[in-house]
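Got the viewer open? Let's walk through this one a selection at a time.

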Amino acid sequence: TWTGLSNASVFGFISKDYFLYVLYLGVGPGILGHTMLSTLLKYISPLIVSTAMLFEPVMGSGIGYVFGLQPMPGLLTWIGGVVLLCGLILVIVGENEQHEDEAEEKESIASQEINYGSIK
């Protein structure tokens, strides 16, 4: 329903039974989590950050198990985690190679400009 504060209403989360949970989820994962992701973007490539975010379900399953909130992740979760880890490693290696190539190209251009300047 659209009205009231019952558990079945759209605004049922406003009830005193759920308000602290909603506040925690808004401040903890919501504000702090997104702030950390935005801060990471200053220091790490967006490609690496977005790829690493794919680990969220795998990490969530592991954390849920550690705190006793859900059973041990299944075989497919572990296989998926390994595939994601391999993919992330490939992304990081590719990103580093790209940066190295760009650095070598800049050095080459700089040395050509120095050589050109000495010819004049």
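Start by selecting Trp78, which sits in helix 4. Keep in mind that what you're looking at is a predicted model.

Now add the neighbours that share a surface patch with Trp78: Met59, Ile63, Tyr65, Val66, Phe67, Leu69 and Met72. Together with Trp78 they make up a nonpolar patch, with about 960 Å² of accessible area between them. Which helix gives the largest share of this nonpolar patch? Colour helix 3 and you'll see: four of the patch residues come from there. Helix 3 covers residues 56–66.

Next, go back to helix 4, which spans residues 75–119, and pick Glu105 on it. Is Glu105 buried or exposed? Show the surface: Glu105 counts as exposed because its relative accessible area is 52%, and the cut-off for exposed is over 50%. Glu105 has company, too. Select Glu97, Glu100, Asp101, Glu102, Glu104 and Glu107 as well, and you have a surface patch of negative charge.

Time to zoom out. Switch to cartoon and count the elements: the chain has four helices and zero strands, so to speak an α-α-α-α run from the N terminus on. Colour by burial next, and 12% of the 120 residues count as buried.

Last stop: colour by pLDDT. The chain averages 81, with 85% of its residues at 70 or more. Where in the chain is confidence highest, and where is it lowest? Helix 3 takes the top spot at 88, while helix 4 is at the bottom with a mean of 81. As you look around, remember that predicted coordinates shouldn't be read in detail where pLDDT is low.

Technical notes
Residues numbered from 1 in each chain as written. Predicted model: local features only at pLDDT ≥ 70, side-chain atom pairs only at ≥ 80, totals over all residues. Heavy atoms only, no water. Patch = residues over 30% accessible without salt bridge, like charges linked within 9 Å, V, L, I, M, F, W, Y side chains within 5 Å. Areas by Shrake-Rupley, 256 points an atom, 1.4 Å probe, with all protein chains shown as cover. Salt bridge = Lys/Arg side-chain N within 4 Å of Asp/Glu carboxyl O. Lys, Arg positive; Asp, Glu negative; His and termini not counted. Charge placed at Lys NZ, Arg CZ, Asp CG, Glu CD. Helix = DSSP H or I, 4+ residues; strand = E, 2+ residues; numbered from the N terminus. Buried < 20%, exposed > 50% of the residue type's maximum accessible area, 1.4 Å probe, protein only. pLDDT = per-residue confidence, 0-100.
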